Amino acid sequence: MTIFEKVLEIYQEYYICLHCLGRMFSLLGTDTTNYDRGKSLLLTMAMENHRVYLSRHENHEEAIANLKILAEKAMFAPAQSVLNREGIEYNTLIISEKCYLCEDIFSNISSYAKIAIQNLNNLEFKDILVGNALNSQIVNREDTFKAQFNLLNSESFKNHFNREVGKELSNNLKKPSEFANPDITVIYTLSFTSSEVTLILRSIFIKGRYNKFIRGIPQTHWDCRACRGKGCESCNFTGKQYKTSVEELVSPEFIKETKAEGLKFHGAGREDIDVKMLGKGRPFVLELRNPKVRTLNLEKIQKKVNKKNKKKIKISDLVYSSKEQVKNLKFNAENTKKVYRALTSSMENVTKEKFEALLHKLKIVFENQKIQQRTPKRVSHRRADKIREKKIFQIDGKFIKPNVFEFIVEAQGGTYIKEIIHGDNGRTTPSFTEIFGFPIECKKLDVLKIY
Ligand SMILES: [Zn+2]
Ligand SMILES: [Zn+2]
């Protein structure tokens, strides 16, 4: 069966628009639109049948019948003109019908684009992608139709719609289509009678480092333990366990500048609440969700955040980042070296000489060795109970008073430093307490460096 015969077969039963006709043969012929493909098909058929009609040969009657199908059922204007010119009557009573396959969605592409354009007002973006969720009625009708006429070279309604609206949007907005990582994805939820537009704005990622100069604030917001964030008397109806956090001190300026709907703070590991983060700071990535503004003056934001939080926290080295870097950040946190300073107190008084001897022993036991660390008691309510092996690289110590010593510990990321010192009742082994032979407690801990 030729394409022409198939087209006639279709129109004897259904009216479909030129866009949809072209879509049924979309894989045939390239470098053209479905609309042009459909129109060319019908025009060629009108021309061929006109030729046969004029030749007055055999098939003369058939040519007239075919022209009538094109004029009446396909409502194809050039076929109507041919019949008019040749003085052949045809039925003009069939008033304009809606396309069986799209119910004229494809004839109204510009109005679909318009809905999105209104929604895109006031948003900053450099490229765009269109997607859609089709109502099952559209899909089922199309599938049944293709099966009925055995149409094997067609394209999907979905692709066709996305491309046409995408083109219209690109032309109107002067923004290119981007498939891999568009700033904005416009999703149409489409049925024959309704359409709804949802926008997905790609998150912005910003990488930097933070310092924490005070003790007592966590890295990120913690829900109140009593009410789980709902607000209760014990949290003064704030829903928070701690008044503030590094995240909460850093984020307002970013939210303000990007007009984002939400934010997630990804840290390269985290220090305890009572631990300072000194030196060059700890890497973090801010993920700003649904941002309306994407071009930021990072230097200006950094200055503002730092000025506002002087002596509490500081951020530095801000650069644009990506989702992939968040994954790296988490992965690297476990594998990078960190340097800590611990101020400790001992249950027994020792002389400076005794301390030096103990420190020497400590170095032999720990340096470049692996320790076994079972999940500490204090975090066991939120972390799986298991034994982790961590490497200690270097240890240095300073005698301050007979029962006060300062240690510098260089360890693998994720090592629980306080536990290496006091031993956590044997859950961490070896420990300073174990080597010294009497309890050592960590009083103050600072992170000095993260490699
Ligand atoms: Zn159609
Ligand atoms: Zn509460």
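Strands β2 and β3 make a hairpin, with four residues sitting between them. Keep in mind that this is a predicted model. Below is a quick tour of three spots: the sheet that this hairpin belongs to, helix α6, and the place where helices α9 and α10 meet.

**The sheet**

- Start with the hairpin itself: β2 covers residues 184–190, β3 covers residues 195–201, and the two run antiparallel, joined by seven bridges.
- If you want a landmark on that pairing, look for Thr185, which stands opposite Ile200 in β3.
- On the β1 side, β2 pairs with β1 in the parallel sense, again over seven bridges.
- Thr185 turns up here too, as the bridge partner of Leu129.
- Put together, the three strands give an open sheet in the order β1-β2-β3, and the pairing is mixed.
- The edges are taken by β1 (128–134) and β3, each of which has a single partner strand, so one side of each is left without a neighbour in the sheet.
- Going from one strand to the next, the twist averages 20 degrees.

**Helix α6 and what it packs on**

- Helix α6 spans residues 109–119, and its buried residues are Tyr112, Ala113 and Ala116.
- Look down the axis of α6 and those buried residues fall within an arc of 100 degrees, so they line one face of the helix.
- What do the buried residues of α6 pack against? They pack against helix α8 (157–173) and two strands, β2 and β3, which ties this helix back to the hairpin strands.
- Flip to the face of α6 turned away from the buried side and you'll find Ser111 and Gln118, both exposed.

**Where α9 meets α10**

- Helix α9 (residues 246–258) packs with helix α10 (residues 298–308) at an angle of about 145 degrees, and their axes are 9 Å apart.
- Is the crossing left-handed or right-handed? α9 passes α10 in a right-handed crossing.
- From α9, the contact uses Val250, Glu253, Phe254 and Glu257.
- From α10, the residues making the contact are Ile301, Lys304 and Val305.
- Sorted by type, the residues of this contact come out as four nonpolar and three charged, with no polar ones.

Conventions
Residues are numbered from 1 along each chain as its sequence is written. Chains are lettered from A and ligands numbered from 1 in the order in which they are written. This is a predicted model: local features need pLDDT of at least 70, side-chain atom pairs count only at pLDDT 80 or more; totals for chains, interfaces and linings use all residues. Two strands pair if DSSP finds at least two bridges between them. Axes are lines fitted to C-alpha atoms, for helices over the stretch in contact, and angles run from 0 to 180 degrees between N-to-C directions. A residue is buried if 20 or more other C-beta atoms lie within 10 Å of its own, exposed if 12 or fewer, and partly exposed in between; C-beta atoms are placed from the backbone. The arc is that of the directions from the helix axis to the C-beta atoms. Two residues are in contact if their C-beta atoms, placed from the backbone, lie within 7 Å. A crossing is left-handed if the near helix is turned anticlockwise from the far one by less than a right angle, and right-handed if clockwise. Ala, Val, Leu, Ile, Met, Phe, Trp, Tyr, Cys and Pro count as nonpolar, Asp, Glu, Lys and Arg as charged, and the others, Gly among them, as polar.
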